[in-house]
Amino acid sequence: MSGIIGWTGPARAIPPLRVGLLRRRGPHDHGTEVHHSRSGRTAAVLGPARLAAAALSSAGDVRTASPGGSIAIVLDGRIYNSPELRSELKRLGEEFSAGTEPEVVLRGYRIWGDAVVEHLHGLFAFALWDGRDDGRLVLARDKFGRKPLYFRHDAGNALWFASELTALLDKGLPREVDPFCLRHYLEHGYPPPGRCMLRGYRMVLPGCLLAWEGGRLRRKQYWRPPDGERGRPPPRATAVGLQERLEEAVKARLGARGPVGAILWGGVGSAIIAALMAQGIPGPPPTYTVCFGVDGLADAERARQTALRLGSRHRAIIVGPRAGRLMPFVASQMDEPIADPWAIPTYLLCRRARDEVAALLSGHGSEGSCGESKSAPFACAPSASGPAVPAEPVLTTVDRMSTAADVELRMPFLDEGLAPWTMSVQGSACRGRLAIDALLRKAMRDRLPPHMLRPRRRGRIAPLDEWLRSEWRELDRDVLLDPGTRWRGWTDQDQVRRLLDEHCTGRASHGRRLHQLLVLELWARSILDRGQAEPRPADVDDCMRDLPADRPVRRVAVIAPAGIGDTMRLTPAIRRLGASDQAVSVTLYVAPDSGSDQPMAGLPPVDRHVPIDLEARPLARVLRLARDIRRSAPDELVSTWVSRLAGPVGLLSRAKNRRGWVPQWSWTMRLAGALWPGRLPYDPPQKGAGLYDISSFCRLLGAGDGAPTALQFAPPIWEDRALKAARRRMAELERPLLAVGAAAGRAIRQREYPLDLMAAAVDRLLREGVAGSVVLLGDGASRRRVESLAEAAGRQGLNLCGSLSISGTAAVMRKCDAALVVDGGLLHVALASELPVVALYGPTEVFPSDPRGGTERFKAISAFEQCRCRCLPHRGIRARSECRQQAQCLARILPERIVAALAAMLSTCAVA
């Protein structure tokens with residue numbers, strides 16, 4: 001069984017139980033049974049929810065009761081020493097009707113009473129009803145708290161309990177957050193042990209037993225972590241004893257209804273578990289590993305080498321930034337907010353493994369009993385006696401995520417015969433961790449690959465800082481700055497906005513704090529507001545990708561601190577690179593808060609975005625960039641020409657291959673201006689400039705031919721509400737729909753097209769019937785600049801400026817029939833959406849086509865002929881954005897020319 005629920009109290013008021021809410025813990029079977037006490041005054045309702053992999057016999061799929069029906073039990077988990085206990089109980093005169101683990105606990109209770117929990121080795125949480133006399137209920141958890149068990153003792157002396165908090169949230173009861181637990185969470189990222197975030201609810205502590213009798217509760221702690229002993233046995237005897245206990249612990253956890261696999265985290269503990277498992281099962285063992293972004297590739301490579309040495313069937317996945325769309329689901333699965341960044345990778349790994357195995361063995365609990373989880377704040381917590389013990393938040397994350405994926409996760413290092421022994425060996429939390437780590441290598445030296453005998457250099461916890469600046473940025477703003485979040489009163493919205501601004505621009509790193517606030521609010525929306533978890537996502541393939549098991553991953557660093565348009569020019573080459581070779585991971589260095597990271601956020605093989613502080617001094621900029629690149633140690637370093645950073649950074653970094661620079665189309669125009677002094681707005685070098693960049697980039701990356709490739713935008717899941725509202729409003733507008741972007745040029749004032757002229761053009765387009773309705777698009781900075789456009793559009797317009805991300809804007813553009821844009825990022829979004837596009841250009845930006853849009857779908861209106869300034873591309877003297885007369889040149893484009901160009905474009909293109 002994988003979930004339990006129940007109630008006990010006066011027999012005259014037996015309530016219904018919400019056992020259906022435990023379906024995600026036990027999807028294969030669930031139900032309830034009522035048991036009365038012999039006196040008839042009290043009763044109990046017990047209900048299990050079963051996962052097929054959790055029981056070895058079908059006879060254990062239902063409640064187990066004694067022959068007379070006076071004692072009944074529901075159990076969640078596994079009892080690994082049940083065969084030994086069954087033999088011992090038979091000698092004591094007990095008879096067994098079914099070979100199930102719940103029956104072993106029940107028979108043991110008949111002999112030993114509450115002391116039966118001291119005989120159990122396993123991971124469990126159970127509720128046992130003793131109906132003799134006036135009735136008695138016992139709740140118990142294992143020594144390390146690997147299985148959850150919540151309870152509520154109401155005013156009528158009734159006791160409610162369940163494996164999940166949501167199953168206890170009655171609609172008629174208030175849901176108030178405990179202020180003490182809230183403060184503890186905001187400081188540490190998880191609620192205090194034994195307490196619950198909701199007032200009136202509690203959790204049975206690990207190693208504790210709770211007895212209800214006559215309406216009163218009695219708590220007993222049946223196990224405590226042993227004290228650390230300074231005097232240890234000789235090293236050889238210690239190593240031999242550790243090896244024997246490890247073999248016994250792994251052997252006890254190999255039984256299941258289906259195949260058993262192992263997780264390779266990259267550390268020595270998980271490697272030992274996989275090596276011992278390979279000896280206990282026939283054939284090559286299945287092993288799995290997961291890395292959280294680029295920083296985890298070192299551990300993934302160690303795991304791959306270990307799998308090759310063991311001869312296992314190895315599968316490795318890398319979690320991409322698009323995994324942020326799982327945040328609402330993962331936060332709601334926790335019952336209580338736990339800001340563990342490794343929750344998503346754990347779920348995805350179990351989700352990928354569930355098609356092949358029924359249970360997974362993990363190295364959690366190794367390295368000084370601190371758990372081999374990468375999340376350092378959650379890895380270990382000091383006990384009252386001194387040594388570090390596994391912290392409950394880690395085990396809670398592991399249990400919730402594996403259960404959500406329908407896979408049972410087993411941890412041999414937390415065996416009752418092994419963990420107390422290792423705790424007694426270590427002297428202190430810090431020195432003991434190193435001692436146990438060295439002891440593991442000594443004990444298993446003959447079974448471990450050579451590379452596992454060397455201590456590893458640990459990477460960072462998780463790339464939260466980078467992901468919260470890229471793919472997760474819109475989620476953070478949408479959730480944390482929502483009016484509903486302000487209404488709760490838990491946070492200061494001005495301070496939250498400051499944290500977001502500082503983090504997104506790269507001025508500071510607040511990833512851990514923002515992640516905590518994000519998890520807290522998402523948890524509140526599901527548990528407090530709705531009282532139930534989010535449904536399981538149907539498809540998660542875009543959140544991860546498989547890594548090859550036959551060769552290491554090649555790391556590529558790309559420096560491209562330009563705007564969104566120039567960054568989008570790189571996407572065909574990078575997409576082709578990811579499609580041709582899965583063993584590639586790209587780190588993209590971009591300008592902060594320019595939107596240039598959004599088109600490739602989560603686009604394989606881009607796994608990391610790092611902002612470049614363009615406001616810093618040139619030397620400081622180079623040193624910071626070089627320091628980050630040295631930390632990631634890329635195999636190849638490439639850059640666009642406009643960055644001008646690759647040269648000095650390449651000299652300071654440890655890149656194995658500094659490929660070179662990619663000349664952008666502006667550099668081609670610079671050469672054209674130097675070679676042809678006359679005005680040649682449509683000379684050949686300008687026509688193929690973008691395609692030339694793509695071909696150059698493809699050759700540098702080894703991606704083959706750089707043929708044009710259409711971009712695929714995937715709007716984040718948290719924008720669904722805004723997109724549905726926008727599309728519903730667009731359905732009420734007249735056709736054809738015209739997308740108008742007036743946001744370009746806000747950073748470069750001389751490139752702005754006068755908005756009064758744009759408003760006059762919009763008015764003429766609507767009056768003459770060229771456009772039926774207008775959709776205004778742009779970023780947040782454009783919101784206050786489009787009043788004249790919105791007024792000109794009137795009821796035939798829809799203002800979406802600042803409402804959507806780049807991906808959401810692309811999704812809206814697909815519903816439009818044409819686009820009118822000033823040069824900038826929206827031009828490239830429109831071309832990627834395959835819209836007919838009319839673009840307004842300044843004198844230095846004349847090229848008639850784009851590699852993603854054919855000439856029949858693209859019309860450039862230029863004031864180049866009227867330009868009297870001798871700027872690029874005439875003489876090659878100034879950069880494209882340095883023409884001080886560009887604004888006057890743009891002002892020469894009259895609304896009549898815009899209307900004529902758009903009418904001609906719509907007449908030659910098929911309108912959907």
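**Close-up 1. The salt bridge of Glu768 and its partner Arg764.** Glu768 is partly exposed, with a relative accessible area of 43%, where buried means under 20% relative accessible area, exposed over 50%, and partly exposed in between, for a 1.4 Å probe and protein chains only. Its partner Arg764 is partly exposed as well, at a relative accessible area of 24%. The two side chains form a salt bridge in which the closest N and O atoms are 3.2 Å apart, a salt bridge being a side-chain nitrogen of Lys or Arg within 4 Å of a carboxyl oxygen of Asp or Glu. Elsewhere, salt bridges that share partners join Asp76, Lys147, Asp335, Asp399 and Arg400 into one network. The count by this rule comes to 44 salt bridges. The model shown in these views is predicted, with local features needing pLDDT of at least 70 and side-chain atom pairs counted only at pLDDT 80 or more, while totals for chains, interfaces and linings use all residues. Residues are numbered from 1 along each chain as its sequence is written, and side-chain values use heavy atoms, with hydrogens and water left out.

**Close-up 2. Salt bridges of helix α18 (residues 511-530), made by Arg525 and Asp529.** Helices (H or I, at least four residues) and strands (E, at least two) are DSSP runs, numbered from the N terminus. Asp482 and Arg525 meet through their side chains in a salt bridge of 3.8 Å, N to O. This pair links distant parts of the chain, for Asp482 sits in the loop between α15 (473-480) and α16 (483-488) and Arg525 in helix α18, 43 residues apart. Asp482 is partly exposed, with a relative accessible area of 23%, whereas Arg525 counts as buried at 19% relative accessibility. A salt bridge of 2.7 Å, N to O, is formed by the side chains of Asp529 and Arg488. Asp529 belongs to helix α18 and Arg488 to helix α16, so this pair ties together parts that are 41 residues apart in sequence. Asp529 is partly exposed, at a relative accessible area of 45%, while Arg488, at 16% relative accessibility, counts as buried.

**Close-up 3. The buried and exposed sides of helix α1 (residues 82-91).** The buried residues of this helix are Ser82, Leu85, Arg86 and Leu89. Seen down the axis of α1, these buried residues fall within an arc of 100°, so they line one face of the helix; the arc is that of the directions from the helix axis to the C-beta atoms. The exposed residues Glu84 and Arg91 are carried on the face turned away from the buried side. Among the elements that cover the buried residues of α1 are β6 (71-79) and α2 (101-112), contact meaning heavy atoms within 4.5 Å. Just after α1, Gly93 takes a positive phi of about 100°.

**Close-up 4. Strand β15 (residues 286-292) and its parallel partners β14 and β16.** Strand β15 is mostly covered, with 7 of its 7 residues buried. Pro286, Tyr288, Val290 and Phe292 point one way from the strand, and Thr287, Thr289 and Cys291 point the other way. Strand β14 (residues 260-263) runs parallel to β15 and is joined to it by 2 bridges, two strands being paired if DSSP finds at least two bridges between them. In this pairing, Ile263 stands opposite Tyr288 in β15. Strand β16 (residues 313-319) also runs parallel to β15, joined to it by 7 bridges, and here Phe292 stands opposite Val319 in β16. Together, β15, helix α6 (residues 297-310) and β16 make a right-handed β-α-β unit; a crossover is right-handed if, with the strands pointing away from the viewer, the path from the first strand over the helix to the second runs clockwise.

**Close-up 5. Backbone geometry in loops at Asp133, Asp406 and Pro736.** Asp133, in the loop between β7 (122-130) and β8 (136-141), has a positive phi of about 60° although it is not a glycine. At 58% relative accessibility, Asp133 counts as exposed. Asp406, found in the loop between α11 (392-404) and β20 (408-410), has a phi near 65°, a positive value in a residue other than glycine. Asp406 is partly exposed, with a relative accessible area of 21%. Arg735 and Pro736 are joined by a cis peptide bond, with omega about 0°, and Pro736 lies in the loop between α26 (720-731) and β27 (737-741).
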